[in-house]
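Let's take a walk through a protein model together. Keep the 3D view open and turn it as you read.

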Number of protein chains: 2
Amino acid sequence: MKQLQVDLGHRSYPIFIGRDLLGHAEYLAPYIQSKQVMVVSNTTVAPLYLEKTLAGLQGFETSSVILPDGESYKNLHVLNQIFDELLSQRFDRRATLLALGGGVVGDMTGFAAACYQRGVSFIQIPTTLLAQVDSSVGGKTGVNHPLGKNMIGAFHQPQCVLCDTDTLNTLEERQLSAGLAEVVKYGLLGDADFIGWLENNADQLLARDPDALAYAIERSCQDKADIVAKDELEAGVRALLNLGHTFGHAIETGMGYGVCLHGEAVGMGMYLAAELSQRQGWISRSDVERTDQLLQAMNIPRRIPQDISVEQMLELMKVDKKVRDGQVRLVLLKTLGEAFLTSDYSADLMRDVLSNSYA
Amino acid sequence: MKQLQVDLGHRSYPIFIGRDLLGHAEYLAPYIQSKQVMVVSNTTVAPLYLEKTLAGLQGFETSSVILPDGESYKNLHVLNQIFDELLSQRFDRRATLLALGGGVVGDMTGFAAACYQRGVSFIQIPTTLLAQVDSSVGGKTGVNHPLGKNMIGAFHQPQCVLCDTDTLNTLEERQLSAGLAEVVKYGLLGDADFIGWLENNADQLLARDPDALAYAIERSCQDKADIVAKDELEAGVRALLNLGHTFGHAIETGMGYGVCLHGEAVGMGMYLAAELSQRQGWISRSDVERTDQLLQAMNIPRRIPQDISVEQMLELMKVDKKVRDGQVRLVLLKTLGEAFLTSDYSADLMRDVLSNSYA
């Protein structure tokens with residue numbers, strides 16, 4: 001078992017990574033304040049892991065709420081189901097919420113914890129690779145709005161995170177690859193050595209080799225934790241974690257939430273960011289190809305679905321939290337392994353990249 | 001014009017109190033970060049003061065959203081109207097929300113600001129006495145849930161608060177008295193001298209004498225600011241501001257949101273707290289009578305409506321943010337002018353007080 005610390009002053013917390021962690025009380029109990037624990041999961045994950053999770057919470061007053069599965073349910077209306085349960089069970093301000101599931105469950109549970117009685121504790125047990133390498137670090141929580149992804153939310157840090165790699169064995173292949181897209185992201189945006197490791201270990205990762213997975217999760221979380229520690233509230237450098245996300249969110253919103261997986265959309269977005277960075281003269285054609293091949297090796301789609309027009313993409317990209325005074329700022333690549341935030345790119349080249357990047 | 005500082009480190013902010021402040025850009029402009037300002041108001045206040053408010057925001061890109069008026073609309077569903085407007089107008093992360101209205105508008109606008117893109121700035125222009133002396137200090141924001149008042153929310157401090165006493169001239173008498181209930185609260189919980197001042201000035205306050213009102217607002221805000229500065233997130237002493245509120249919230253929830261005004265319910269709650277404190281032997285019978293008479297002098301109702309049973313009261317009081325391990329903790333009176341938080345009271349005396357305090 002590996003342990004990694006996210007360093008945020010009095011909001012610091014540990015991430016435990018390894019096999020067979022679920023159901024062992026010793027990891028969670030020290031981080032639970034009172035007896036009340038509400039487990040939030042979804043209809044896919046609960047049948048697989050809820051019982052084991054509850055078995056690790058003996059001696060606590062547990063309750064659970066099972067949400068419908070999918071990005072299309074990540075909204076204020078479904079969020080209210082968590083509040084309904086908390087209130088009808090008389091959960092008080094010292095209660096702990098425990099998120100058991102993927103990124104959607106984590107984001108919604110964290111946001112519910114941020115808002116319930118103006119803030120209660122929460123713990124994350126992410127069960128998808130994407131959630132383990134992304135939403136487990138950084139405290140971003142929230143829900144979608146029909147007009148924009150993750151537009152309603154809060155920064156709220158968990159008490160601890162438990163990444164049990166065994167839970168990845170039940171993950172669909174498509175979900176595994178979507179998670180690997182976010183892993184690749186950490187290499188591209190700031191960890192050039194990791195790109196090489198990923199190229200050499202793509203097959204092991206797809207074969208779910210537990211050591212390879214644990215290493216990829218640990219390195220991704222460490223890379224993200226280093227950035228978040230520098231900029232918890234995303235005033236600066238943290239925006240780099242959005243590599244591929246402005247394009248990706250537009251694709252997700254345009255397709256309707258849940259059609260494209262988040263990681264798939266980010267994969268497309270990273271390819272588009274690489275293409276635009278090349279046209280701007282920052283990275284080489286072979287860098288773009290290397291990016292494309294690494295994504296391909298992880299079975300990640302890289303081209304925009306035909307269902308979205310270029311005009312639609314441009315319009316949807318304007319709804320982004322990095323927009324300032326109407327200007328869409330993008331995370332682009334200075335080199336392969338170094339991203340930067342800029343609004344200094346050509347609208348014509350952008351249009352050209354989009355037009356030539358369809359599936 | 002009086003100016004008062006709420007001292008919260010880098011979240012400190014000023015409160016401006018006086019006549020004819022609305023519509024003067026010099027008070028607001030220094031606290032607005034970018035050009036985008038969304039004014040949130042309601043169907044009662046907007047016809048009276050929206051135009052004047054917008055006139056004080058020339059040079060900014062303003063937009064407005066008008067919510068239905070009343071506590072019964074303080075919910076997640078109506079909150080979403082603010083997000084709809086912000087997103088359809090493409091408001092970005094540096095936008096400012098401006099609350100123009102009473103406590104409901106302030107709480108909802110503040111909560112929308114706390115959650116929109118995980119946090120944007122907001123300014124409060126409270127137009128009721130209750131909002132000026134209560135919700136303008138402390139950063140509590142939120143909405144109600146059918147099972148409990150203010151159960152969903154956030155702590156989010158405004159950039160500044162503007163209390164224009166002229167706006168109180170259009171206030172219904174019942175609303176004025178409800179605001180005075182919260183003013184009386186500051187005296188009872190920690191400012192014994194202020195009780196005497198209020199007894200001597202009840203008539204001037206009800207006659208809306210601007211100097212008396214400005215003094216009462218300033219002293220109330222100062223009393224509250226002193227407490228909030230010691231305990232921003234309500235880990236301790238801040239709970240004293242809840243004098244009368246556990247009883248009051250139960251009455252509000254039991255009657256259905258909007259039937260009793262919040263200040264009226266708090267008035268009843270303070271009377272009940274005084275009665276229970278007397279039965280416990282902490283304050284004297286004449287203290288209870290003095291409390292009752294001061295509330296009466298302000299035209300504040302003090303007795304529980306017949307519509308709620310004792311059992312209902314006891315059940316509803318269990319849904320309170322001060323509940324710990326199932327125990328209802330109450331703010332009671334040690335002396336007239338000194339409140340304390342305790343779970344050490346007799347359930348029998350509580351039942352007796354409730355049974356004998358009906359209208």
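**A walk through two chains**

Start with Asp20(A), which is exposed, because just 10 other C-beta atoms lie within 10 Å of its own. You'll find Asp20(A) in the loop between strand 2 and helix 1 (25–28) of chain A. Its backbone has a twist worth a look: the phi of Asp20(A) is positive, about 55°, although the residue is not a glycine. Most residues other than glycine have a negative phi. Keep in mind that what you're looking at is a predicted model.

So how far can you trust the prediction? For chain A the mean pLDDT is 95, and 100% of its residues reach 70 or more. For the complex, the predictor gives an ipTM of 0.89 and a pTM of 0.90.

Now back to the backbone. Asn150(A) also has a positive phi of about 55° and is not a glycine. Is Asn150(A) buried or exposed? Count its neighbours: there are 22 C-beta atoms inside 10 Å, and a residue needs 20 or more to be called buried, so Asn150(A) counts as buried. As for its place in the chain, Asn150(A) sits in strand 8 of chain A.

Another positive phi turns up at Gln117(A), near 50°, following helix 4 of chain A. That helix is a good one to check with a ruler. Helix 4 covers residues 103–115 of chain A, and its 13 residues should span 18 Å at 1.5 Å a residue; the C-alpha atoms at its ends are 18 Å apart, so the two values agree. Helix 4 of chain A is also mostly covered, with 13 of its 13 residues buried.

Next, zoom out to see how chain A is organised. Chain A splits into domain 1 (2–170) and domain 2 (173–355). Taken over C-alpha atoms, the centres of these two domains are 25 Å apart. Where they meet, domain 1 of chain A gives 32 residues to the contact and domain 2 of chain A gives 30. Which elements of domain 1 supply at least two residues each to that side? They are strand 1 (2–6), strand 2 (13–18), helix 5 (129–135) and strand 8 (148–155) of chain A. Helix 5 of chain A makes the largest contribution, five residues. Sorted by class, the side of domain 1 of chain A that touches domain 2 has 13 nonpolar, 12 polar and seven charged residues.

For a close-up, pick Leu180(A), which lies in helix 6 (residues 173–190) of chain A. Leu180(A) has 28 C-beta neighbours inside 10 Å, so it counts as buried. Leaving out residues up to four places away in sequence, Leu180(A) touches Leu129(A), Leu205(A), Met298(A) and Ile300(A). Compare that with Gly18(A): it is 162 residues away from Leu180(A) along the chain, and their C-alpha atoms are separated by 17 Å.

Hop over to chain B and look at helix 6 (residues 173–190) there. Its 18 residues reach 27 Å from the first C-alpha to the last, close to the 26 Å expected at 1.5 Å a residue. This helix of chain B is mostly covered too, with 15 of its 18 residues buried.

Stay in chain B and find Lys74(B), in the loop between strand 4 (61–67) and helix 3 of chain B. With 25 C-beta neighbours inside 10 Å, Lys74(B) counts as buried. Setting aside residues up to four places away in sequence, the residues that Lys74(B) touches include Val104(B), Asp107(B) and Tyr257(B).

Finally, how do the chains fit together? In all, 31 residues of chain B are in contact with 31 residues of chain A. On the chain B side, two or more residues come from each of helix 3 (76–88), helix 4 (103–115), strand 7 (140–145) and strand 8 (148–155). Strand 8 of chain B gives the largest share, six residues. The chain B side divides into 13 nonpolar, eight polar and 10 charged residues.

Try turning one chain onto the other. A rotation of 180° with 0.0 Å of shift along its axis superposes chain B on chain A, at an RMSD of 0.0 Å. The two copies are therefore related as by a two-fold rotation axis. Of chain B's residues, Leu76(B) comes closest to that axis, with its C-alpha at 3.7 Å. And 100% of the interface residues of chain B are also interface residues in chain A, so the copies meet through the same surface.

Definitions and conventions:
Residues are numbered from 1 along each chain as its sequence is written. Chains are lettered from A and ligands numbered from 1 in the order in which they are written. This is a predicted model: local features need pLDDT of at least 70, side-chain atom pairs count only at pLDDT 80 or more; totals for chains, interfaces and linings use all residues. Helices (H or I, at least four residues) and strands (E, at least two) are DSSP runs, numbered from the N terminus. The expected span of a helix is 1.5 Å times one less than its number of residues. A residue is buried if 20 or more other C-beta atoms lie within 10 Å of its own, exposed if 12 or fewer, and partly exposed in between; C-beta atoms are placed from the backbone. Two residues are in contact if their C-beta atoms, placed from the backbone, lie within 7 Å. Ala, Val, Leu, Ile, Met, Phe, Trp, Tyr, Cys and Pro count as nonpolar, Asp, Glu, Lys and Arg as charged, and the others, Gly among them, as polar. Domain bounds come from an automatic or database domain assignment. Copies are superposed by least squares on the C-alpha atoms of residues with pLDDT of at least 70 in both. pLDDT is the predictor's confidence in each residue, from 0 to 100.
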